[in-house]
Amino acid sequence: MRVLSGVQPSGTLHIGNYFGAIRQFVELQREHECFYFLADLHALTTVSDGQRLRSLIRDLATAFLALGLDPDRSILYRQSDIPEVLELSWMLSSVTSMGLLQRCTSYKDKVAQGLVPSHGLFAYPVLMAADILIVRSDLVPVGRDQKQHLEVTRDIASSFHATFHTEVFTLPNPLIMDDVAVVPGVDGRKMSKSYGNTIDIFGPEKEARKRIMSIVTDSTPVEAPKPTEDSALHALLQVFAPGSEKDWVRRAFAEGGVGYGEMKKRLFGYFLDTFGDARRRYEDLKQDPGEVDRILAAGAERTREVVTPLMDQLRRLTGLR
Ligand code: ADP
Ligand code: TRP
């Protein structure tokens with residue numbers, strides 16, 4: 001199957017992003033043909049500093065590669081390297097009803113959060129449909145908040161089919177990734193950069209340690225068994241502990257005798273075991289920006305092999321050729 005997903009650059013990646021999304025991207029590349037892109041055109045709706053966007057995109061590409069995205073298996077590219085996506089977006093806009101976009105909750109949510117209610121933000125789902133349809137992807141791994149955009153993509157594709165009496169597009173299916181793991185933050189709410197409760201993957205080691213030691217716990221004494229329900233520390237230990245340590249975690253909570261401080265130290269150890277290699281690769285790649293550029297250029301070239309024949313077909317079909 002052909003898989004596609006896009007990620008907006010939004011600053012530093014946290015462990016929720018890894019367990020809830022990037023780990024699935026990396027796993028999918030073992031069995032599927034995967035296209036992953038860095039959504040810089042989408043980012044223009046929120047980032048208005050060119051220098052900043054350039055460095056956000058570079059950091060995100062570096063992070064993906066460090067976390068195991070293999071450019072020999074997956075195609076990694078920058079959205080704006082495929083300008084045809086904008087041409088397709090316009091073709092799709094012409095068959096998209098206003099009502100369909102007005103029903104999109106993410107536009108309303110973003111405006112409620114204070115983002116500028118621009119046309120770009122409103123038309124975002126059309127550009128997203130173009131991202132998906134332009135490579136004819138079957139499966140789109142996304143977070144739950146993006147499910148509606150997948151439904152809109154299918155509606156837009158069907159409307160294009162009905163209007164132009166064609167079946168040119170593949171109708172994609174979502175793969176909802178946060179069903180796999182919702183990672184709590186240090187305060188017990190869902191980890192999210194908007195809550196300021198994250199543990200970042202590539203930040204300084206001292207900072208990660210500090211964040212882990214600050215995970216909120218109750219006041220159960222060291223000797224007593226500890227409650228697991230609603231415990232962020234327990235959930236994070238479950239996420240991180242390797243198979244051989246799962247039993248230690250279970251007993252530490254069930255039997256007592258292990259304090260929260262000691263558990264947090266273990267968790268910090270698991271964090272370094274899990275991300276140590278990725279953190280080293282990240283630093284190495286940072287020293288070699290030419291390598292990241294080469295990978296993105298090769299990714300754009302491979303994407304274009306799929307895009308060019310489809311766009312030729314679409315231009316003939318619509319009369320633009
Ligand atoms: P944030 O909430 O920090 O702004 P994003 O919305 O940019 O994160 O999420 C990027 C991806 O990471 C999405 O696929 C989302 O579902 C996933 N993700 C983010 N936070 C978590 C979490 N705490 N647990 C699981 N997945 C998460
Ligand atoms: N809208 C997605 C998000 O905010 C990012 C995105 C853009 C995307 N285009 C896409 C995801 C196409 C999947 C497929 O997270």
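# Salt bridges, buried positions and the domain interface

In this predicted model, K147 and E151 form a salt bridge whose closest N and O atoms lie 3.8 Å apart. Both residues belong to helix α8 (residues 147–164), where a spacing of four residues separates them by about one helical turn. The geometry of such a pair follows from the helix itself: with 3.6 residues a turn, residues three or four places apart point the same way. K147 is partly exposed at 35% relative accessibility, and E151 is likewise partly exposed, with a relative accessible area of 41%.

The pair in α8 belongs to a wider set, for the rule counts 16 salt bridges in the model. In general, side chains of opposite charge can pair when their charged atoms come close. One of these bridges joins K286 and D59, with an N to O distance of 2.4 Å. K286 lies in helix α12 and D59 in helix α3, so this bridge ties together parts that are 227 residues apart in sequence. K286 is partly exposed, with a relative accessible area of 33%, and D59 is partly exposed at 26%. Another bridge links R73 to D70, the closest N and O atoms being 3.7 Å apart. R73 has a relative accessibility of 45% and counts as partly exposed; D70, at 25%, is also partly exposed. Finally, E87, D312 and R315 are joined in a network of salt bridges.

R315 also leads to a buried acidic residue, since E84 is in contact with R315. E84 is located in helix α4 (residues 84–93). The residue counts as buried because its relative accessibility is 14%, below the 20% cut-off. The side chain of E84 makes a polar contact of 3.4 Å with that of R304. Beyond its neighbours within four places in sequence, E84 touches I134, R304, V307, M311 and R315.

A second buried position is Y77, in strand β3 (residues 75–78). With a relative accessible area of 4%, Y77 is buried. Leaving out residues up to four places away in sequence, the contacts of Y77 are L4, F35, Y36, F37, L38, I82, V135, L296, G299, A300 and T303. Of these contacts, L38 is separated from Y77 by 39 residues in sequence, yet the two C-alpha atoms are 6.4 Å apart in space.

The backbone deserves attention at two loop positions. Most residues other than glycine have a negative phi. R136, however, has a positive phi, near 55°. R136 is placed in the loop between α7 (119–133) and β4 (139–142) and is partly exposed, at 28% relative accessibility. D230 has a positive phi as well, near 60°, and lies in the loop between α9 (205–213) and α10. At 79% relative accessibility, D230 counts as exposed.

Helix α10 (residues 232–240) has as its buried residues A232, L233, H234, L236, L237 and F240. These buried residues pack against α1, α11 (246–255) and α12 (260–286).

On the scale of the whole protein, the chain is divided into domain 1 (2–182 + 289–318) and domain 2 (203–283). The centres of the two domains, taken over C-alpha atoms, are separated by 34 Å. Ten residues from domain 1 and nine residues from domain 2 make up the contact between them. About 750 Å² is buried between the domains, and carbon and sulfur atoms give 80% of that area. On the side of domain 1, I15, F19 and A66 supply 59% of the area buried against domain 2, more than any other three residues.

Which charged or polar pairings cross this interface? The rule finds zero salt bridges between domain 1 and domain 2, and one residue pair in polar contact. Helices α1 (15–28) and α3 (50–66) each supply at least two residues of the side of domain 1 that touches domain 2. The largest share of that side, five residues, comes from α3. By residue type, the side of domain 1 that touches domain 2 divides into seven nonpolar, two polar and one charged.

Methods:
Residues are numbered from 1 along each chain as its sequence is written. Chains are lettered from A and ligands numbered from 1 in the order in which they are written. This is a predicted model: local features need pLDDT of at least 70, side-chain atom pairs count only at pLDDT 80 or more; totals for chains, interfaces and linings use all residues. Side-chain values use heavy atoms; hydrogens and water are left out. Domain bounds come from an automatic or database domain assignment. Contact means heavy atoms within 4.5 Å. Buried area is the accessible area (1.4 Å probe) that two parts lose on being put together, summed over both. A salt bridge is a side-chain nitrogen of Lys or Arg within 4 Å of a carboxyl oxygen of Asp or Glu. A polar contact is a pair of N or O atoms within 3.5 Å; within protein, one must be able to donate a hydrogen and the other to accept it, and residues adjacent in sequence count only if both atoms are side-chain atoms. Ala, Val, Leu, Ile, Met, Phe, Trp, Tyr, Cys and Pro count as nonpolar, Asp, Glu, Lys and Arg as charged, and the others, Gly among them, as polar. Buried means under 20% relative accessible area, exposed over 50%, partly exposed in between (1.4 Å probe, protein chains only).
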